[in-house]
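Please keep the sequence and the three-dimensional view side by side while reading. The paragraphs below move from a single side chain outwards to the rest of the chain.

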Amino acid sequence: PGRSPVRSGRFPIWIISASLVAVTTLSAMHSRAQAPDPAAIAAQKDAMKPLSMLDGVWRGPAWTLLPSGRHEVTQTERVGPFLDGAVRVMEGRGYDADGTVTFNAFATLSFDPATKKYTLHSYAMGRTGDFTVTPTADGYMWEIPAGPMTIRYTATIKDGTWHEVGERVMQGKDPVQFFEMNLKRVGDTDWPAAGAIPPK
């Protein structure tokens with residue numbers, strides 16, 4: 001109201017100018033987003049190297065405590081590098097005795113050079129989340145905040161075995177174990193990098 005902009009055709013000059021600025025800014029941002037960052041990529045690859053111990057196909061027994069009691073499954077995991085080793089991709093499946101899949105999860109594991117943190121981005125049984133991962137000398141630990149308690153998973157990987165324990169942790173109380181898996185490495189995998197679409 002009270003504004004009488006100079007007009008060019010049907011549109012005021014200030015609208016055209018603002019639009020040009022927005023387009024120019026977006027174009028610059030897009031160009032920067034497409035340009036690789038060699039230093040960041042190198043840092044990501046280097047940080048993920050210790051976790052190459054996870055690569056391959058794994059299988060073994062696992063159990064978890066449900067409201068109905070202890071539930072036992074055959075657990076499988078497949079893990080492989082993606083983006084030339086800058087991230088790791090993981091899929092876990094739990095099979096009942098009759099072969100029914102009763103647990104299925106998918107995740108990416110990555111490192112952010114800016115924050116120096118590892119993150120597990122997980123999709124499991126209708127839920128999703130980002131969780132901090134801490135590599136250890138022979139495995140890793142990751143946690144899920146759950147109100148007054150923390151869900152903590154601790155994994156040890158060595159000599160072709162993957163042992164992982166899940167515990168509920170509350171301050172001032174002993175941890176309560178609710179999950180365990182004992183897997184053996186049964187082979188290599190070219191997943192997920194295999195099958196890339198060629199240019200022609």
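Does Tyr-153 count as buried or exposed? In this predicted model, Tyr-153 has a relative accessibility of 15%, and because buried means under 20%, Tyr-153 counts as buried. Phe-179 is assigned on the same footing, since at 15% relative accessibility Phe-179 counts as buried.

These two residues also face each other as a ring pair. A search of the whole structure finds seven aromatic pairs, and in one of them the rings of Tyr-153 and Phe-179 have their centres 6.0 Å apart and their planes at 70°, so the pair is edge-to-face. The pair links distant parts of the chain, with Tyr-153 in strand β10 (residues 149-158) and Phe-179 in strand β12 (residues 176-187), 26 residues apart. Both rings belong to one aromatic cluster, which is formed by Phe-131, Trp-142, Tyr-153, Phe-178 and Phe-179. Another pair found by the search is that of Phe-111 and Tyr-118, whose ring centres lie 4.8 Å apart with their planes at 55°, so this pair is tilted; Phe-111 and Tyr-118 are both buried.

Tyr-153 leads on to the largest pocket, which has a volume of about 1200 Å³. Of the 40 residues that line this pocket, Phe-103, Ala-105, Ala-124, Trp-142 and Tyr-153 lie nearest its centre. Strand β6 (residues 101-112) contributes the most to the lining, with six residues. Sorted by class, the lining of the largest pocket holds 27 nonpolar residues, eight polar residues and five charged residues.

To place these parts in the whole, one can follow the chain from its N terminus. The protein has two helices and twelve strands, and its elements run in the order β-β-α-α-β-β-β-β-β-β-β-β-β-β. Of the 200 residues in the protein, 29% are buried.

Strand β10, the strand that carries Tyr-153, pairs with β9 and with β11. Strand β9 (residues 139-146) runs antiparallel to β10 and is joined to it by eight bridges, with Met-141 standing opposite Thr-154 in β10. The two strands form a hairpin with two residues between them, and Gly-147 in that turn has a positive phi of about 65°. Strand β11 (residues 161-170) pairs with β10 in the antiparallel sense over ten bridges, and here Arg-152 stands opposite Glu-167 in β11. Strands β10 and β11 likewise form a hairpin with two residues between them, in whose turn Asp-159 has a positive phi of about 55°.

Some details of the backbone deserve a separate look. Most residues other than glycine have a negative phi, and most peptide bonds are trans. In the loop between β4 (69-82) and β5 (87-95) lies Leu-83, whose phi is positive, near 55°. Asp-84 lies in the loop between β4 and β5 as well, and the phi of Asp-84 is also positive, near 60°. At 57% relative accessibility Leu-83 counts as exposed, and Asp-84 is exposed too, with a relative accessible area of 65%.

Which residues does a cis peptide bond join? The bond lies between Trp-191 and Pro-192, with omega at about 5°, and Pro-192 is found in the segment after β12. Trp-191 has a further contact, in which the charged end of Arg-78 sits over the ring of Trp-191, 4.2 Å from the centre of that ring.

How values were computed: Residues are numbered from 1 along each chain as its sequence is written. This is a predicted model: local features need pLDDT of at least 70, side-chain atom pairs count only at pLDDT 80 or more; totals for chains, interfaces and linings use all residues. Side-chain values use heavy atoms; hydrogens and water are left out. On a 1 Å grid over the protein atoms alone, a cavity is a set of points where a 1.4 Å probe fits but cannot get out, and a pocket is an open set with protein on both sides within 12 Å along at least five of seven lines; lining residues have an atom within 4 Å of a point. Grid points are joined across faces, edges and corners, and a volume is the space filled by probe spheres set on the points. Helices (H or I, at least four residues) and strands (E, at least two) are DSSP runs, numbered from the N terminus. Ala, Val, Leu, Ile, Met, Phe, Trp, Tyr, Cys and Pro count as nonpolar, Asp, Glu, Lys and Arg as charged, and the others, Gly among them, as polar. Rings of Phe, Tyr and Trp (its six-membered ring) pair if their centres lie within 6.5 Å; planes under 30 degrees apart count as stacked, over 60 as edge-to-face and the rest as tilted. Buried means under 20% relative accessible area, exposed over 50%, partly exposed in between (1.4 Å probe, protein chains only). A charge sits over a ring if NZ of Lys or CZ of Arg is within 6 Å of the ring centre and within 35 degrees of the ring normal. Two strands pair if DSSP finds at least two bridges between them.
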